[in-house]
Amino acid sequence: MKELVIASGKGGTGKTTVASSLAYLLNSRRKLIAVDADVDAPDLLLALGGGELLEERAIEASEKARVDSELCDGCGACVNACPYGAMVVEGGKAKVYTYLCEGCGVCTLVCPKGAVKVEPYVTGMLTAQRTKHGFTVITGRLKAGEHNSGKLVSAAKEMARKRAEAEGAELVIVDAAPGIGCPVIASLSGASYVVAVAEPTPTSRRNLMRLVEVARHFNTPVGLVLNKADLSGEYARQMEEWALLELKIPLLAELPVDYEAVRALAEMKTPVELNPKSKISYALTLLADRVEEELARL
Amino acid sequence: MTFKLAVTGGKGGTGKTVVAVNLAAALSSEFKVLLVDADVDGPSTTALLRARMRHTEEVRIFKPVIDPSTCKACGRCAEVCREHALAYAKGVTPILFEELCSGCKACLLACEYGAIREGWRVLGYIHEGEAGSIQLRVGELKPGEARSPIVARALKVKVERELNGYDVVVIDTAPGIHNAVVQALWGVDLALAVTEPTPLGLHDLRILLDLLDELKIKAWVVLNKSDIPGGLREEVVEECRRRGLELAVEIPYDQELFEAYVRGEPLIESRIETPAQRALLDLALKVEREVKP
């Protein structure tokens, strides 16, 4: 089973459009499962027109401190020890700001009254949904303000692997979160190939460099998709050359600016489904062929 | 009192940084402005401002250094470590897996024999610099590290100490709703939720507005690329109305804005007048009225 991760250091470069299109296009050639690992803002199903619910599960990926106010005497030892600023004393009793608590348990160690406990906490939901195209999408959804989204991503990937085995799927396509932090690291761990989606801007260039650096930690090969490539002609050319020579990653495809892509999003369809003859559909189809070649070579 | 403003948005790529940078530039003619880049996973204000950076400090966190000669190999430190960063086998001094350690010091507190001493490791950086009259503080997560919230928090703590020198602090957050975003939003007077009129933008906006509501932070919505064909402008307007929130401004799509972005200049400093430039200036005026009512 191979795992293809669609990632980008910067947000809004077109990860979800690329991920949904690759899932849609490659699905006709082999059985696959898609995973929405952008647990902060899970949009993949929206881009694929929704799905029918197969399975839903709450994930307790973290722990949080809880104060027993009967026992607490408001001494404030926990407030001083908390490395995250998550404890306050209000009205003579300690209180936890759940949003800031990372569940490290330091408060339980310093409390002279034994009034603080650390307990499992529901941080997110996992769902499996079948799209109208026939393949399953696993979606991780983080509860607002939570951390440890990496564990939620790992749980989503685990669910995808189990389903892939049960359904005989050979490919898992993962739509990652923007950035290079915890959820992205969890997305890249165990990946066979990373499709890095970037746009020809200085910010995207910087963030691409950071993403490639992280992928190197995992020894995962990376290919570049330059989206909106015709927005700034000269800069795009320079960036492609730089990616090849400095980052040593090949260009898989250039995607043009095409309002058919925006219209497809608004209609919750992939661009190829909406209009196979548009510029963007043509470029995405070539990309799917190219990705297929890269996967075959692994 | 220093006015603290966050620019956030749920979805990535909606224009948070463009709005933050342009607001900071517009407000800097009237106020002393500190711009804080709290998108520590992918900080990009410097690239948009042609900033001059002059100083970098490391964000360090605690890591335990265990002295094998004092360690009684009781395993208490490994037992209290909720990140499972200390591996313990019976009778042997525990081994630390650095990348799992969150630096919380639970092990240090738990060790009864004083065998753990305070070491440290680098998790990221805080850069200081300026662009024109805007002072800039940028948080950056070291690639390969996962703990963005700690870097975001270190940045916020540093900024809190500097507040007195400024009238306005503009904080550019990461996309999403995770802990590092909450760290950046914590204690602000106003949050601008920058979105775009697509189903994805709308979906992520709703999640973010729920979070802001729970954090009891006053929110304004900024609708970027408001005129894209087939867009869901009406739905965004309706969402604001339903929640009783102010749609502070609509910024139309603008090629000149994009070109200024690639050149690394705030659009409001461009001499070419465009609808997007006017919208950004309108927004700055509205914010100004909040800063000094």
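This report walks through the aromatic contacts and one nonpolar surface patch of a predicted model.

## Aromatic pairs

Let's start with the rings. Over all chains, the count comes to 2 aromatic pairs. One of them is edge-to-face: A:Tyr97 and B:Trp186 sit 4.9 Å centre to centre, with 75° between the planes. A:Tyr97 belongs to the loop between strand 6 (93–96) and helix 4 (106–110) of chain A, while B:Trp186 belongs to the loop between helix 6 (179–185) and strand 9 (190–195) of chain B, so this pair joins two chains. Both partners can be placed by accessibility: A:Tyr97 is partly exposed at 24%, and B:Trp186 is partly exposed at 29%.

The rings of B:Phe258 and B:Tyr261 also pair, and they count as stacked because their centres are 6.2 Å apart and their planes meet at 20°, under the 30 degrees that stacking requires. Both residues lie in helix 9 (residues 255–263) of chain B, 3 residues apart, or about one turn of the helix. B:Phe258 is buried, with 12% relative accessibility, and B:Tyr261 is buried at 12%.

## Charges over rings

Two rings have a charged side chain for company. In chain A, A:Arg205 lies over the face of A:Trp242, 4.4 Å from the ring centre. In chain B, the charged end of B:Lys32 sits over the ring of B:Tyr166, at 5.8 Å from its centre.

## A nonpolar patch on chain B

Which residues make the nonpolar surface patch of about 270 Å²? They are B:Ile95, B:Phe97 and B:Leu100. B:Phe97 is found in the loop between strand 5 (95–96) and helix 4 (106–110) of chain B. Its relative accessible area is 39%, so B:Phe97 counts as partly exposed.

Key: Residues are numbered from 1 along each chain as its sequence is written. Chains are lettered from A and ligands numbered from 1 in the order in which they are written. This is a predicted model: local features need pLDDT of at least 70, side-chain atom pairs count only at pLDDT 80 or more; totals for chains, interfaces and linings use all residues. Side-chain values use heavy atoms; hydrogens and water are left out. Patches are made of residues with over 30% relative accessible area and no salt bridge: like charges are joined within 9 Å, nonpolar side chains (Val, Leu, Ile, Met, Phe, Trp, Tyr) within 5 Å. Accessible areas come from the Shrake-Rupley method with a 1.4 Å probe; for residues, only the protein chains shown count as cover. A salt bridge is a side-chain nitrogen of Lys or Arg within 4 Å of a carboxyl oxygen of Asp or Glu. Helices (H or I, at least four residues) and strands (E, at least two) are DSSP runs, numbered from the N terminus. Buried means under 20% relative accessible area, exposed over 50%, partly exposed in between (1.4 Å probe, protein chains only). Rings of Phe, Tyr and Trp (its six-membered ring) pair if their centres lie within 6.5 Å; planes under 30 degrees apart count as stacked, over 60 as edge-to-face and the rest as tilted. A charge sits over a ring if NZ of Lys or CZ of Arg is within 6 Å of the ring centre and within 35 degrees of the ring normal.
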